[in-house]
Amino acid sequence: MKEQDKELNSWRGYSLSHDNMIIPKNFGNSNENEDYPELFSYLITKLPPQIKAFKRKEDFNIRFDQKTSFALHKNKWIEYNQKWVNMLIFDIDNKTLDQSLEMALKLDLEPTFACSTDKGCHLFYVLENKINFEWVKAIKYAEDIKIALTDYFGADKIASHKVKTAVYRNPLQHEFIYNHDLEYKLDDFKEITLKFKAKNQKPQ
């Protein structure tokens with residue numbers, strides 16, 4: 001990459017998408033968070049080239065595939081883990097974003113990014129390595145992690161227990177925080193998972 005291109009790409013007003021199209025910071029979006037272009041570029045690398053997305057709750061059943069760069073700028077809800085599992089996501093309805101982040105810090109498990117919702121927040125933990133849907137043991141491990149952290153955060157069980165394809169908020173369309181490129185291995189969640197199993201183990 002030429003030095004001039006590097007300088008342009010690092011300018012906070014713009015972001016270089018996966019197809020090398022320069023995207024203005026506020027293209028189709030009123031979010032003024034200075035991390036908007038950085039999180040946008042990061043998500044482009046973590047999501048498939050096309051994703052299902054929609055703007056309104058009532059459109060849930062008619063969502064359709066869209067180019068990811070367009071979907072991220074235009075839609076409030078998107079499907080994650082469509083082709084593989086690379087994010088563990090928690091839907092928390094009874095706590096603010098700040099309260100949930102404080103709880104995460106106590107575990108030394110800050111989310112990669114998180115966003116506020118009208119009821120609470122969503123926390124997103126990005127995995128270093130993708131998990132194929134057919135990798136039974138890894139999927140089961142991820143499920144155990146989600147059950148343990150759902151219990152810890154008091155998150156919505158129906159939404160938060162899902163590991164494979166599921167709909168959550170698009171952080172770029174909400175108030176969000178981004179811990180730049182922070183990613184996890186499944187074993188990073190081993191301690192909280194073991195504590196949950198020990199707490200819920202039935203006496204023999």
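## Helices across a sheet

Helix α2, which covers residues 36-46, lies across β6, β7 (113-116), β8 and β10, and it runs at about 70 degrees to β10. Here contact means heavy atoms within 4.5 Å, while helices (H or I, at least four residues) and strands (E, at least two) are DSSP runs numbered from the N terminus. The axes behind such angles are lines fitted to C-alpha atoms, for helices over the stretch in contact, with angles running from 0 to 180 degrees between N-to-C directions. Helix α4, residues 97-106, also lies across β6, β7, β8 and β10, running at about 45 degrees to β8.

This is a predicted model, in which local features need pLDDT of at least 70 and side-chain atom pairs count only at pLDDT 80 or more, whereas totals for chains, interfaces and linings use all residues. Residues are numbered from 1 along each chain as its sequence is written, and side-chain values use heavy atoms, with hydrogens and water left out.

## The sheet under the helices

The strands that these helices lie across belong to an open sheet of 4 strands, ordered β6-β8-β7-β10 with antiparallel pairing. Its edge strands are β6 (85-92) and β10 (176-178), each of which pairs on one side only, and the twist from one strand to the next averages 15 degrees. Two strands are taken to pair if DSSP finds at least two bridges between them.

Between β6 and strand β8 (residues 121-131), which run antiparallel, there are 7 bridges. Within this pairing, Leu88 stands opposite Tyr125 in β8.

## A second open sheet

Another open sheet of 4 strands follows the order β4-β3-β5-β9, again with antiparallel pairing. The edge strands here are β4 (64-67) and β9 (166-169), each pairing on one side only, and neighbouring strands are turned by 50 degrees against each other on average, direction ignored.

Strand β3 (residues 50-54) is joined to β4 by 4 bridges, and the two run antiparallel. Ala53 is the residue that stands opposite Phe64 in β4.

## Cysteines

If a disulfide is a pair of cysteine sulfur atoms within 2.5 Å, the count comes to 0 disulfides. Cys115 is in no disulfide, and the nearest cysteine sulfur, that of Cys121, is 7.8 Å away; Cys121 is likewise in no disulfide, with the sulfur of Cys115 as its nearest.

Buried means under 20% relative accessible area, exposed means over 50%, and partly exposed lies in between (1.4 Å probe, protein chains only). Cys115 counts as buried because its relative accessibility is 0%, and Cys121 is buried with a relative accessible area of 0%.
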